[in-house]
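Colleague: I should like to learn how to read the features of a protein model, one at a time. May we work through an example together?

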Amino acid sequence: MIMGKVLYLECSSGISGDMTVGALLDLGADRNVLERALGSLGVDGYHLHFGRKVVCGLDAYDFDVHLEEDGHEHEHGHEEGHDHGHEHGHEEGHDHGHEHGHEEGHDHSHEHGHEEDHDHGHEHGHEEGHDHAHPHIHRNINDIYEIIDRLESNDHVKTLAKKMFLIVAEAESKAHGLPLDQVHFHEVGAIDSIVDIISVAVLVDNLGVDDIVVSPLSEGRGHVHCQHGILPVPVPATANIASAYGLKLHLTDNDGEMVTPTGAAIAAALRTKENLPESCQLVKTGMGAGNRVYKQANVLRAMLLETESEETEQSGMYVMETNIDDCSGEMLGFAMELLLEAGAADVWYTPIYMKKNRPAYQMSVLCREADMEKLEDIIITHTTTIGIRHYPVTRTVLSREKKTVETAYGPVEVKVCEHKGARYYYPEYESVQKRCRENHFDFQTVYHEARHAAEELYHG
């Protein structure tokens, strides 16, 4: 038997970026790993708030990003405002009692709430006034990708962060009738939202879960005010994401926006399974605080579950294959990037010979059944294939978790896997190469030092 780890996000009060970060930290994700990752971006103009908050008598994690401008703080909460009308809503301000939280000096007719996350935001939008105190900064998706590429973490984290931003960009593109590369982010491109999305990617990876299940998303009613005017709830970007990714919405009688576009994108990008396992062990619960008072507790609850399964498990995985003999290497490389960003578990190419003895490649894509259709669309659009075959596969999955160990060369992330009582330690490439560059040591020396440190951590 092996143990599988499942993350369940219970969105009975909606979902937003800062609530998700708070819930994952409360669940046990490593704050130090998060702070090191964010520090590697080279972005300033903000600082982080980590605290606790009582919501309907429940103790919840209160995470927030404080933007700094002109020598004073702006408690914009993550997507600042994303609640266009929640008293600052989920992401916004959490009312930590900081110098002038949203309600005090930043109302901006907060009715902006979640919306600012949508590129609808305040007239000055996060981005415009809060990135290094340089006004009127607008970023497109490629600018966001350049920031993510600076992240000192593994490829899975970078791919997941890019996927979340792409989901929002596509939704905004459709909402505003603009080509994708002409969508400029005022709010979702702001520092606080960049921190939200990258933080979620880092912390989910740190928890080392095998699958993620997301409940239906509770949404409010009414309308929100933004720079484009008055919009209905759910706002167009959120509605577009829910429609494109099959997210289930539970419409409530709460007034205001409960699901931000960033929150919807997080749910769409993270979800790997539709349903919870039939039986499981509840290991731990974490709660990320929102700010508005509802009839129910305004928290995002995250649960870490363990399941038992046979060594070889059927987990809804498929392999898609196609043989291609008339496609350039550049096209194949780009297609691989798009497939990984869209949720493929793995993509690989195998050199083959086809009819007339033509050198060719077999493209193979490992994915979940729920992702097959969108991945097929990418293959057909971005390669010269005229057909794709697919078949279900079983796989043996080892339980795993991420640990950060201290070495003589600095901290290194290590993936710890277990199988039949034995542990295996695999230092992460990006973390090792960073220490090598900083200390001018060879890869093998740092790798073995990190592996030994991980063994010592478990065996003393």
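Modeller: The turns that follow take up one feature each. Please note at the outset that this is a predicted model.

Colleague: How many helices and strands does the protein have, and what percentage of its residues is buried?

Modeller: The secondary structure comes to 13 helices and 18 strands. Of the 460 residues in the protein, 57% are buried. One may also ask how far apart in sequence the contacting residues lie. Among contacts with a separation of 6 or more, 70% are between residues 24 or more positions apart.

Colleague: How should I read a sheet, and in what order do the strands β16, β17 and β18 stand?

Modeller: One reads a sheet by its strand order and by the direction of the pairing. Here 3 strands form an open sheet in the order β16-β17-β18, with antiparallel pairing. The edges are taken by β16 (399-407) and β18 (422-427); each has a single partner strand, so one side of each has no neighbour in the sheet. On average, neighbouring strands of this sheet are turned by 30 degrees against each other, direction ignored.

Colleague: How many bridges join β16 to β17?

Modeller: The antiparallel strands β16 and β17 (residues 410-419) are joined by 9 bridges. To take one residue, R400 has C417 in β17 as its bridge partner.

Colleague: Which helix lies across these three strands?

Modeller: That is helix α13 (residues 443-459), which lies across β16, β17 and β18 and runs at about 145 degrees to β18. One residue of helix α13 is Y458. Setting aside residues up to four places away in sequence, Y458 touches E401, K403, V416, R423 and Y425. From C-alpha to C-alpha, Y458 and R423 are 9.2 Å apart, although 35 residues separate them in sequence.

Colleague: Why does Y458 count as partly exposed?

Modeller: The relative accessible area of Y458 is 22%. Partly exposed covers values between the limit for buried, under 20%, and the limit for exposed, over 50%, so Y458 belongs in that class.

Colleague: What is the general idea behind a nonpolar core?

Modeller: In soluble globular proteins, nonpolar side chains tend to be buried together. The largest nonpolar core in this model has 69 residues, of which I15 and I198 touch the most other members. Helix α7 (residues 191-207) gives the largest share of this core, 11 residues. Not counting residues up to four places away in sequence, I198 touches L38, L41, I148, L151 and A161. Another core, of 15 residues, lies apart from the largest one; among its members are A335, A342, A344 and I379.

Colleague: How does one describe two packed helices, and at what angle do α10 and α11 pack?

Modeller: One gives the angle, the axis distance and the handedness. Helix α10 (residues 329-341) and helix α11 (residues 372-382) pack at about 160 degrees, with axes 10 Å apart. An angle over 145 degrees counts as roughly antiparallel, and α10 and α11 are therefore in that class. Their crossing is right-handed. M331, F334, A335, L338 and L339 of α10 make the contact with L375, I378, I379 and H382 of α11.

Colleague: What is the corresponding description for α6 and α8?

Modeller: Helix α6 (residues 155-176) and helix α8 (residues 236-245) pack at about 115 degrees, and their axes are 8 Å apart. The two helices are therefore roughly perpendicular to each other. The crossing of α6 and α8 is right-handed.

Colleague: Which unusual backbone features should I look for in loops?

Modeller: One may look for cis peptide bonds and for positive phi values outside glycine. The peptide bond from V233 to P234 is cis, with omega near -5 degrees, and P234 is placed in the loop between β8 (229-232) and α8. C56, which is not a glycine, has a positive phi of about 50 degrees; C56 is in the loop between β2 (46-55) and β3 (58-69). K356 also has a positive phi, near 65 degrees, and lies in the loop between β13 (346-354) and β14 (358-368).

Colleague: Are C56 and K356 buried or exposed?

Modeller: C56 counts as exposed, at 54% relative accessibility. K356 counts as exposed, at 71%.

Definitions and conventions:
Residues numbered from 1 in each chain as written. Predicted model: local features only at pLDDT ≥ 70, side-chain atom pairs only at ≥ 80, totals over all residues. Heavy atoms only, no water. Pairing = 2+ DSSP bridges. Helix = DSSP H or I, 4+ residues; strand = E, 2+ residues; numbered from the N terminus. Axes fitted to C-alpha atoms, helices over the stretch in contact; angles between N-to-C directions. Contact = heavy atoms within 4.5 Å. Core = buried A, V, L, I, M, F, W, Y, C linked by side-chain atoms within 4.5 Å. Buried < 20%, exposed > 50% of the residue type's maximum accessible area, 1.4 Å probe, protein only. Parallel < 35°, antiparallel > 145°, perpendicular 65-115°, else oblique. Left-handed = near helix turned anticlockwise from the far one by under 90°.
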